[in-house]
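Subject: Handing over a structure

Dear colleague,

I am passing on to you the structure placed just below, and I would ask you to keep it open while you read the notes that follow it.

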Amino acid sequence: KIEKQKSYSLSDLNLIKKINLGIKNYLFEWSEYFKKNENKRVLLGIGHNSDRFMQLTSSFYLFDYFVDQSKSKNGFYLAGTKRGIDLNIKINKKENFDIILGVHDRAKMQLYSKLKNEYPNASFYSVFNNPNKLINP
């Protein structure tokens with residue numbers, strides 16, 4: 001049997017172009033962030049979201065700390081990295097640094113609310129957004 005080749009409508013093609021442009025923009029913005037931002041960086045929430053983020057952005061070696069509040073991950077390493085996973089952020093609370101949250105949006109705001117007072121000089125980002133969008137409700 002000869003199968004029909006799927007033909008895409010103009011709206012399908014426009015959607016595909018829009019998605020591709022969004023991905024290119026996301027990768028470009030994070031690349032620029034990593035090139036220009038000299039603050040120490042903490043990746044908080046070490047799971048599949050953080051791992052995929054580092055794969056997409058080739059940023060495995062661009063973090064100063066990996067932190068996850070799960071005791072079962074403490075002291076372990078992510079594949080391809082030389083930094084262990086810590087339970088807590090080990091930076092002076094008065095220092096300027098960036099916390100990039102690798103947690104889903106459901107937990108992002110809860111975690112941000114918990115940490116913003118403890119680390120008042122930290123800037124908060126999410127792996128789900130471009131870095132030009134700080135978490136700041």
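Before we turn to the helix and the strands around it, one word needs fixing: two residues are in contact when heavy atoms of theirs lie within 4.5 Å. Please bear in mind as well that this is a predicted model, in which the protein chain has an average pLDDT of 89 and 95% of the residues score at least 70. Among the elements of the chain, strand β1 has the highest mean pLDDT, at 96, and helix α3 has the lowest, at 87. As a general caution, predicted coordinates should not be read in detail where pLDDT is low.

Helix α3

Helix α3 covers residues 105–115, and K108, L111, Y112 and L115 are buried in it. When one looks down the axis of α3, these buried residues fall within an arc of 105 degrees, and therefore they line one face of the helix. It helps to recall that an α-helix has 3.6 residues a turn, so residues three or four places apart point the same way. What do the buried residues of α3 pack against? Their partners are β1, β4 and β5, the last of these being residues 122–126. On the face turned away from the buried side, α3 carries the exposed residues R106, Q110 and K114.

The loop after α3

N121 sits in the loop between α3 and β5, and because its relative accessibility is 34%, N121 counts as partly exposed. If its neighbours within four places in sequence are left aside, N121 is in contact with K93, K94, E95, N96 and F97. N121 and D98 are 23 residues apart in sequence, while their C-alpha atoms are 8.8 Å apart in space.

Salt bridges

Side chains of opposite charge can pair when their charged atoms come close. If a side-chain nitrogen of Lys or Arg within 4 Å of a carboxyl oxygen of Asp or Glu is taken as the rule, the count comes to 8 salt bridges. One of these joins E95, which also appears among the contacts of N121, to K40, with the closest N and O atoms 3.7 Å apart. This pair links distant parts of the chain, since E95 lies in the loop between β3 (85–86) and β4 (97–101) whereas K40 belongs to strand β1 (residues 40–44), and the two are 55 residues apart. Both ends are partly exposed, E95 because its relative accessibility is 28% and K40 because its relative accessible area is 35%.

In another salt bridge, the side chains of R52 and D51 meet at 2.7 Å, N to O. Is D51 buried or exposed? At 17% relative accessibility, D51 counts as buried, because the limit for that word is under 20%, whereas R52, at 44%, counts as partly exposed.

D68 and K73 form a salt bridge too, their closest N and O atoms being 3.4 Å apart. Here D68 is buried, with a relative accessible area of 10%, and K73 counts as partly exposed at 28%. Elsewhere, salt bridges that share partners join E32, K35 and K36 into one network.

A nonpolar patch

Lastly, Y8, L13 and I16 form a nonpolar patch on the surface, and together they have about 280 Å² of accessible area. Of these residues, L13 is found in helix α1, residues 10–36, and with 38% relative accessibility L13 counts as partly exposed.

With kind regards

Note on methods: Residues are numbered from 1 along each chain as its sequence is written. This is a predicted model: local features need pLDDT of at least 70, side-chain atom pairs count only at pLDDT 80 or more; totals for chains, interfaces and linings use all residues. Side-chain values use heavy atoms; hydrogens and water are left out. Patches are made of residues with over 30% relative accessible area and no salt bridge: like charges are joined within 9 Å, nonpolar side chains (Val, Leu, Ile, Met, Phe, Trp, Tyr) within 5 Å. Accessible areas come from the Shrake-Rupley method with a 1.4 Å probe; for residues, only the protein chains shown count as cover. Helices (H or I, at least four residues) and strands (E, at least two) are DSSP runs, numbered from the N terminus. Buried means under 20% relative accessible area, exposed over 50%, partly exposed in between (1.4 Å probe, protein chains only). The arc is that of the directions from the helix axis to the C-beta atoms. pLDDT is the predictor's confidence in each residue, from 0 to 100.
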